[in-house]
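Okay, everyone settled? I'll walk you through one protein today, so get the picture up and follow along with me.

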Amino acid sequence: MYVRDAKNRDEVWLLDRIEEADIDDPAFRSRDYVIALDEETSRKAGFGRIRVHKTDAGNFCELAFVYTLPPWRQQGVAAHVIERLVDEASDEGYDTVYTFTRQPEYFTPFGFEPRETSELPEPVAERLRRVRKERGEDVIAMAVERADFSVPSRFRERFKNASPADEPEDGEVPVEETAEDFGIDADEATYKYDTGN
């Protein structure tokens, strides 16, 4: 298993899975997503997204959502999606990542801690108010500093041996990896092959 940035060709798949999961993403951009895949079959196992909020009062980064497809659940897929997203947020200069959830126990093993509304910067508090209007008053804010984030070893072990609990979906064909998957711009790169001639 590995986690990579979503590609343009993943957009339709992502939109279909978002709809199936009944996730509301009004600011959908495939480039904001990462996808977990099986190394051998390239079968997609889960995905997630960070969302950067830019406001006059300040910017912050939100772990917007993480979703694991049912055949891949309980195998550490989401943990590694979260890790990749927190790393990307850090790479973009956000040392703190926020999330808004009804299930704080899911995030605490990674170092996320609940935050009181009074402790939140105003842009984050405003986002929490909007999320509560959409999803209910029981949603809480949580945050983690990049330095405090970690993936428990039990999730790492599960991820190493992850396999689907079902057969491939009807008509699902493994996707062949391309140069783009490895960060190579096929239009700009030059290749030398030693054919022995």
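Before the sheet, one definition: two strands count as paired if DSSP finds at least two bridges between them. And keep in mind that this is a predicted model.

So, the sheet. Seven strands make up an open sheet, and the order across it is β1-β2-β3-β4-β5-β7-β6, with mixed pairing. Who sits at the edges? That's β1, residues 2-5, and β6, residues 113-115, each of which pairs on one side only. Going from one strand to the next, the twist averages 30°.

In general, strands of a sheet pair through backbone hydrogen bonds, and they can do that parallel or antiparallel. Let's look at some pairs here. Strand β2, residues 33-37, runs antiparallel to β3, residues 44-55, and five bridges join them. If you want a spot to click on, Tyr 33 stands opposite Arg 49 in β3. The hairpin of β2 and β3 has six residues between the strands, and in that hairpin Ser 42 takes a positive phi near 60°.

Move over to β3 and β4, where β4 is residues 58-68. How many bridges do we get there? The two pair over 10 bridges, again in the antiparallel sense. The hairpin that joins β3 to β4 goes through two residues. Along this pair you can find Val 52 opposite Cys 61 in β4, and Lys 54 opposite Asn 59 in β4.

Now for the helices against the sheet. Helix α4 lies across β3, β4, β5 and β7, and runs at about 20° to β5. Helix α2 packs on the sheet too, touching β1, β2, β3, β4 and β5. The direction of α2 makes about 160° with that of β4.

Next, the greasy part. As a rule, in soluble globular proteins, nonpolar side chains tend to be buried together. In this model the largest nonpolar core has 40 residues, and the ones touching the most other members are Met 1, Phe 47, Val 77, Ile 82, Phe 110, Phe 112 and Phe 149. Several elements chip in at least two residues each: α1, β2, β3, β4, α2, β7 and α5. Which of them gives the most? It's α2, with seven residues.

Take Ile 82 as an example. Leaving out residues up to four places away in sequence, Ile 82 touches Leu 63, Val 66, Tyr 106, Phe 107, Phe 110, Phe 112 and Phe 149. There's also another core lying apart from the big one, with 11 residues, including Tyr 98, Val 131, Val 139 and Ala 141.

Here's a residue I'd like you to find: Thr 99, in strand β5, residues 96-101. Is Thr 99 buried or exposed? Its relative accessible area is 3%, and buried means under 20%, so Thr 99 is buried. What does its side chain do in there? A polar atom of the Thr 99 side chain lies 3.0 Å from the backbone oxygen of Leu 63. Again not counting residues up to four places away in sequence, Thr 99 touches Leu 63, Phe 107, Phe 112, Ile 140, Ala 141 and Met 142.

Last stop, charges. Side chains of opposite charge can pair when their charged atoms come close. Searching the whole structure turns up 14 salt bridges, and I've picked three to show you.

One is Asp 32 with Arg 29, at 2.9 Å, N to O. Asp 32 counts as buried, at 12% relative accessibility, while Arg 29 is partly exposed, at 40%.

Another is Glu 62 with Arg 127, also listed at 2.9 Å, N to O. This pair links distant parts of the chain, with Glu 62 in strand β4 and Arg 127 in helix α4, 65 residues apart. Both Glu 62 and Arg 127 are buried.

And then there's Arg 129 with Glu 122, at 2.5 Å, N to O. Arg 129 is partly exposed, with a relative accessible area of 35%, and Glu 122 is partly exposed as well, at 46%. Which residues join up around that pair? Salt bridges with shared partners tie Glu 122, Glu 126, Arg 129 and Arg 130 into one network.

That's my tour, thanks for listening!

Key
Residues numbered from 1 in each chain as written. Predicted model: local features only at pLDDT ≥ 70, side-chain atom pairs only at ≥ 80, totals over all residues. Heavy atoms only, no water. Helix = DSSP H or I, 4+ residues; strand = E, 2+ residues; numbered from the N terminus. Core = buried A, V, L, I, M, F, W, Y, C linked by side-chain atoms within 4.5 Å. Buried < 20%, exposed > 50% of the residue type's maximum accessible area, 1.4 Å probe, protein only. Contact = heavy atoms within 4.5 Å. Polar contact = N/O pair within 3.5 Å; in protein donor to acceptor, adjacent residues only side chain to side chain. Salt bridge = Lys/Arg side-chain N within 4 Å of Asp/Glu carboxyl O. Axes fitted to C-alpha atoms, helices over the stretch in contact; angles between N-to-C directions.
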